Amino acid sequence: MNYAPLFIQESPFTLRRRRLRRDATKAEEVLWRELRNRKLGYKFRRQFSVGEYIVDFYCPELKFVIELDGPVHNDEAQKAYDARRTQFLENEGNYVLRFLNDEVLFEREKAVEKILVICKSLRK
């Protein structure tokens, strides 16, 4: 029998997550270097789907979401969207932590320490 290769069509959601990982901001790249490979003792994923949303970083074990906000998040419409999104994520049992990009870029150690403290408190 001649079998034709099976092509699995990826969802637009999957393609969007892949694009977000490929086109990561500098702050996302910096924080990912700190979170990847269980460097903090916990498995984090980046550009991960939670419900209908894609979050920047997610630790499934702790239900811990980390979001990085750039200048676009200063817009009033974006603030309202972010508030709805955070409410949804928290209603799903997640803890949401937001950083400004500059906090990660210029105060990386402080941001990582805050993440570690929260990880430990969520672990209990």
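Here are some worked exercises on a predicted model, each with a task and a stepwise solution.

**Exercise 1. The order of the sheet**

Task: Work out which order the four strands of the open sheet take, and which strands stand at the edges.

Solution.
- Step 1. Begin with β1 and β2, which pair in the antiparallel sense over five bridges.
- Step 2. Move on to β2 and strand β3 (residues 64-69): this pair is antiparallel too, over three bridges.
- Step 3. Continue to β3 and β4, which run parallel and are joined by six bridges.
- Step 4. Put the pairs together, and the open sheet reads β1-β2-β3-β4, with mixed pairing.
- Step 5. The edges are taken by β1 and β4 (95-100); each has a single partner strand, so one side of each is left without a neighbour in the sheet.
- Step 6. As a last detail, neighbouring strands of this sheet are turned by 45° against each other on average, with direction ignored.

As a reminder, strands of a sheet pair through backbone hydrogen bonds, in either a parallel or an antiparallel sense.

**Exercise 2. Bridge partners and turns**

Task: Find the bridge partners of Arg45 and Arg46 in β2, then follow the chain through the two hairpins.

Solution.
- Step 1. Look across from Arg45: its bridge partner in β2 is Tyr58.
- Step 2. For Arg46, the partner in β2 is Phe57.
- Step 3. Phe57 also has a bridge partner in β3, namely Ile66.
- Step 4. Further across the sheet, Glu67 stands opposite Arg98 in β4.
- Step 5. Now the turns. The hairpin of β1 and β2 has two residues between the strands, and Gly51 in this turn has a positive phi of about 65°.
- Step 6. The hairpin of β2 and β3 has four residues between the strands, and here Lys63 takes a positive phi near 55°.

**Exercise 3. Covered strands**

Task: Decide how many residues of β2 and of β3 are buried, and which residues of β3 belong to each of its faces.

Solution.
- Step 1. In β2, seven of its seven residues are buried, and the strand is described as mostly covered.
- Step 2. In β3, six of its six residues are buried.
- Step 3. Split β3 by face: Phe64, Ile66 and Leu68 lie on one side, while Val65, Glu67 and Asp69 lie on the other, and all are buried.
- Step 4. For a contrast in label, turn to Ser49 in strand β1. At 22% relative accessibility, Ser49 counts as partly exposed, because the buried class ends under 20%.
- Step 5. Then try a helix: Leu89 is found in α3 (residues 76-91). Leu89 has a relative accessible area of 1% and is buried.
- Step 6. Finish with two separations. The C-alpha atoms of Leu89 and Glu52 are 9.9 Å apart, with their positions 37 residues apart along the chain. For Ser49 and Glu113, 64 residues apart along the chain, the C-alpha separation is 25 Å.

**Exercise 4. Two cysteines without a bond**

Task: Explain why Cys59 and Cys119 do not form a disulfide.

Solution.
- Step 1. Recall the cut-off: a disulfide needs a pair of cysteine sulfur atoms within 2.5 Å.
- Step 2. Take Cys59. The closest cysteine sulfur to its own is that of Cys119, at 5.8 Å, which is too far for a bond.
- Step 3. Reverse the view: for Cys119, the closest cysteine sulfur is in Cys59.
- Step 4. Check the total, and the structure holds zero disulfides.
- Step 5. Add the surroundings: Cys59 is buried, with a relative accessible area of 0%, and Cys119 also counts as buried, at 0%.

**Exercise 5. The cavity and its lining**

Task: Find which residues line the largest cavity, and which elements give two or more residues to this lining.

Solution.
- Step 1. Rolling a probe the size of a water molecule over the atoms shows where empty space is left.
- Step 2. The structure holds one cavity of 30 Å³ or more, and the largest cavity has a volume of about 30 Å³.
- Step 3. Its lining consists of Ala24, Glu28, Trp32, Arg46, Gln47, Asp56 and Phe57.
- Step 4. The elements giving two or more residues to this lining are α2 (26-35), β1 (45-50) and β2 (53-59).
- Step 5. Sorted by type, the lining residues divide into three nonpolar, one polar and three charged.
- Step 6. Link this back to Exercise 2: Arg46 and Phe57, both in the lining, are bridge partners.

Notes: Residues numbered from 1 in each chain as written. Predicted model: local features only at pLDDT ≥ 70, side-chain atom pairs only at ≥ 80, totals over all residues. Heavy atoms only, no water. Buried < 20%, exposed > 50% of the residue type's maximum accessible area, 1.4 Å probe, protein only. 1 Å grid on protein atoms, 1.4 Å probe; cavity = no way out; pocket = protein on both sides within 12 Å on 5 of 7 lines; lining within 4 Å. Points joined across faces, edges and corners; volume = space filled by probe spheres on them. Nonpolar A, V, L, I, M, F, W, Y, C, P; charged D, E, K, R; others polar. Pairing = 2+ DSSP bridges. Axes fitted to C-alpha atoms, helices over the stretch in contact; angles between N-to-C directions.
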